[in-house]
Structure formats: structure tokens, C-alpha cells
Amino acid sequence: DLFTMVPMSTSEVFAQTLHIATASGATVAQMPRTFDIDTLADLRQLADVLARDPTLAPATWQCLMSMWPGGRIPPSGSSPGTGPSGFDALQESRNDLV
């Protein structure tokens with residue numbers, strides 16, 4: 001498996017993954033560098049980028065739109081009593097996949 005031996009969230013993820021993929025004979029192509037989505041601030045940055053051009057990641061934009069109409073992610077804890085925030089829902093969805 002490509003990622004089994006690669007320690008995540010380190011500066012070596014790309015180099016190690018590239019090495020393993022190349023050594024296994026896989027065809028490898030490098031995409032332009034972008035930003036990680038690790039925090040709510042990162043998710044807001046992504047929403048801002050996609051609000052300007054949803055064609056960059058249409059399925060991701062649709063997912064964000066389904067959780068937050070207009071793609072505007074509210075601040076953490078800004079809507080008490082209305083159930084989980086979209087970010088909480090996203091985290092729950094992610095946890096269901098693991």
C-alpha cells in the first residue's frame with residue numbers, strides 16, 4: 001500500500017510517497033502545489049477560493065454548498081442550539097469513513 005509506511009503530517013510525506021510510488025513502477029505526475037486543509041481556517045480559505053471558481057473542485061464546492069449555503073462557513077460556535085456546525089458535520093462524515 002502506497003501510504004502504509006509514510007508518516008503523515010511531516011515534511012517528508014511528498015518525498016517518501018514519490019519514492020515508494022516510483023519504486024513500485026507506478027506512473028507519477030506532479031500537480032501544482034496548493035494548501036492543506038487541516039483547520040477550520042484552511043476550510044474557509046478553500047471555500048473562498050472555490051466561491052471565485054467552483055470549477056476547480058466542483059464536487060467539493062457542492063459539498064460545501066450543501067452544508068453552508070453560499071459557501072460561507074460560520075465562525076465556530078456561532079449558531080448554538082441549531083445542531084452541529086457544518087464543520088462538525090464534516091468531521092463526523094470523515095470519522096464515518098475511517
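Here is a short tour of this predicted model, one selection at a time.

Before you click, note that residues are numbered from 1 along each chain as its sequence is written. Local features need pLDDT of at least 70, side-chain atom pairs count only at pLDDT 80 or more, totals for chains, interfaces and linings use all residues, and side-chain values use heavy atoms, with hydrogens and water left out.

**Whole chain.** Start with a cartoon view of the protein chain: you will find four helices and zero strands, in the order α-α-α-α. Helices here are DSSP runs of H or I with at least four residues, and strands are runs of E with at least two, numbered from the N terminus. Of the 98 residues, 15% are buried, meaning under 20% relative accessible area with a 1.4 Å probe, protein chains only.

**Helix H1.** Now select residues 13-23, which form helix H1, and pick out threonine 17 within it. Is threonine 17 buried or exposed? Threonine 17 counts as buried because its relative accessibility is 13%. Leaving aside residues up to four places away in sequence, threonine 17 touches Leu2, Phe3 and Val6; a contact is heavy atoms within 4.5 Å.

**Largest pocket.** Next, select Val13, Phe14, Arg33, Thr34 and Asp36. The largest pocket holds about 920 Å³ of space, and these five are the closest to its centre among 22 lining residues. A pocket is an open set of points on a 1 Å grid over the protein atoms alone, where a 1.4 Å probe fits, with protein on both sides within 12 Å along at least five of seven lines; lining residues have an atom within 4 Å of a point. The volume is the space filled by probe spheres set on the points, which are joined across faces, edges and corners.

Notes:
Buried < 20%, exposed > 50% of the residue type's maximum accessible area, 1.4 Å probe, protein only.
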